[in-house]
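Visitor: I would like a close look at a single part of this protein, the sheet and the side chains around it. Could you walk me through that part slowly, pairing by pairing?

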Amino acid sequence: MSVRPLTRFATGLLSLCIFAGCVAAVNARRPSGVVARQDAAGGAQEEGVFDNFERALRTPERVKRLVIQSEAPGMKRLPAGLGSMVNLEALELACLEDLEDLPEEIGALSKLRELVIDNGNGCSMNVRLPASVGRLENLRVLRLYGALDPREVGGEDSASRAKTRALPDALASLRNLEELDLGRNGLRSVPPQVASLRGLKKLGLDYNEIHELPAFVGELTNLRELSLRSNGGIRLPQSLSKVKGVSVFMGNNALKLADQTRLRARFPGAVFSFENEFDDSVANEEPARGRSKARRRR
C-alpha cells in the first residue's frame, strides 16, 4: 500500500512539534531511570537494550538486555563473544529455527537474571542448553516455551520426537530460580531437576503430554502459580496440599464439573482455574442425562 507524502504544511507542523519539545515530552513520560538514545539507524532505543548481535558486540559492556528474533536464517551457532557482555541481565531469543545450541560461555554471565526462549506457536526451535547454565546463580526467570521440541503442538512425528532436547542435569543448581516455563516441549514427565528448585514461584507445563505430576511438586512450597493447561488429562499428587495459596491452571484437560469439584475438595488450599483457552466439548460439561435435546446439541 502506497503512502502519500506529507504536504509542505504538514511537514512544517511536524518540524515545529519536534523543535518545540515534543520529543522531550515523550521522554518525560518514561519510567524513572530509563534513558532514550539514538541507535545507529537513527531510531529511539532504551539505554542498554540491543536487538542486533553486531551492534551489541561493538560495546559489549553496555549491553543489559539482548533481544534477538530471526536475526539470520540458517544460524546454527550464536556469534562468539556472548560471554563478554558482562552486564547482561536479560537474553531473549525467538524464531532462530536453525540454532542448535547455546554456547558454554553463557555460564560467564554472572548478572543474567532472565533467559527467555519463547516461541509461541509460530516458530519451531530445538536448542541444547549447555551444562554451564548451572553457574547462573542470579538467574530468576528461565522460559523455554517451545525451545526443546521441534514438532508442532500435538505432533506425533516420531522422528522429530527423537530430536527433542533434554535439560542438562546442571539445571538443578539454579537454586535462586523463581520462574520456570517448560511449556510446549513434548514432555511426558516433569524433569527430575525441578525437584531441587525450591525457590520456584511459577512453574509452567502447558501443552505437554504429562498425565501425572510427581510427588516432589508438593515440596515446592514457594509456588504461587502452577500451569498445567492442555496436557490431555493430568493427575495431581496429594502432596500438593502442602502448597498453600497456589493458583493451579488446568484448562483444556477434559475435566467435567464433577472432576473440578473433587479437585477443589482434595486441595482446599489451592485456587483452581478451569477456564479453557480454546473450545473443548468435554470440559465444563456434565453428561447429557436430564438435559433437553436443544441443550445437548449446544
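**The open sheet and its surroundings**

Guide: Happy to. A word of caution before the sheet itself: pLDDT stays under 50 over residues 1-44, a stretch for which the model has 26 contacts beyond four places in sequence. At the other end, residues 287-298 also have a pLDDT below 50, and there the model has five contacts beyond near neighbours in sequence. Where pLDDT is low, the predicted coordinates should not be read in detail. This is a predicted model, with a mean pLDDT of 81 for the protein and 73% of its residues at 70 or more.

Now to the setting. The protein has six helices and twelve strands, and 41% of its 298 residues count as buried. Among contacts with a separation of 6 or more, 52% are between residues 24 or more positions apart. The accessible surface comes to about 16,300 Å², with 51% of that belonging to carbon and sulfur atoms.

The part you asked about is an open sheet of ten strands with parallel pairing, in the order β3-β4-β5-β6-β7-β8-β9-β10-β11-β12. Its edge strands are β3 (49-50) and β12 (271-273), each of which pairs on one side only. Strands of a sheet pair through backbone hydrogen bonds, either parallel or antiparallel.

Let us start at the β3 edge and work inward. Strand β3 runs parallel to β4, and two bridges join them; here F50 stands opposite L66 in β4. Strand β4 (residues 65-69) in turn pairs with β5 in the parallel sense over five bridges, and L66 has L91 of β5 opposite it. So L66 is a useful residue to put on screen, with F50 as its counterpart in β3 and L91 as its counterpart in β5.

Strand β5 (residues 90-94) is mostly covered, with four of its five residues buried. On its other pairing, four bridges join β5 to strand β6 (residues 114-117), again running parallel. The register there can be followed from L93, whose bridge partner in β6 is I117.

Next come the charged side chains, of which there is a good supply: the count comes to 14 salt bridges. By the β3 end, R62 and E47 meet in one, at 2.9 Å from N to O. R62 sits in the loop between α3 (53-58) and β4, while E47 sits in the loop between β2 (44-46) and β3, so the pair links distant parts of the chain, 15 residues apart. Both ends have some exposure: R62 is partly exposed, with a relative accessible area of 36%, and E47 counts as partly exposed at 35%.

Further along, R143 and E179 form a salt bridge, also described by an N to O distance of 2.9 Å. Because R143 lies in strand β7 (residues 141-143) and E179 in strand β8, this pair ties together parts that are 36 residues apart in sequence. R143 counts as partly exposed at 27% relative accessibility, whereas E179 is buried, with a relative accessible area of 16%.

A third example joins D206 to R229, with the closest N and O atoms 3.3 Å apart. D206 is in the loop between β9 and β10 (225-227) and R229 in the loop between β10 and β11 (247-249), 23 residues apart. Both of these residues are buried. There is also a network of salt bridges that links R77, E100, D101 and R128.

One loop residue deserves a stop as well. Q193 lies in the loop between β8 (179-181) and β9 (202-204). Q193 counts as buried because its relative accessibility is 9%, below the 20% cut-off. Leaving aside neighbours within four places in sequence, its contacts are L167, P168, D169, L171 and A172.

Finally, the aromatic side chains by the β12 end. A search of the whole structure finds two aromatic pairs. The rings of F267 and F272 have centres 6.3 Å apart and planes at 50°, so that pair is tilted. The rings of F272 and F274 have centres 5.6 Å apart and planes at 5°, so that pair is stacked. Ring pairs thus link F267, F272 and F274 into a cluster. F267 and F272 are both buried, and F274 is buried too.

Technical notes
Residues are numbered from 1 along each chain as its sequence is written. This is a predicted model: local features need pLDDT of at least 70, side-chain atom pairs count only at pLDDT 80 or more; totals for chains, interfaces and linings use all residues. Side-chain values use heavy atoms; hydrogens and water are left out. Buried means under 20% relative accessible area, exposed over 50%, partly exposed in between (1.4 Å probe, protein chains only). Contact means heavy atoms within 4.5 Å. Accessible areas come from the Shrake-Rupley method with a 1.4 Å probe; for residues, only the protein chains shown count as cover. pLDDT is the predictor's confidence in each residue, from 0 to 100. Two strands pair if DSSP finds at least two bridges between them. Rings of Phe, Tyr and Trp (its six-membered ring) pair if their centres lie within 6.5 Å; planes under 30 degrees apart count as stacked, over 60 as edge-to-face and the rest as tilted. A salt bridge is a side-chain nitrogen of Lys or Arg within 4 Å of a carboxyl oxygen of Asp or Glu.
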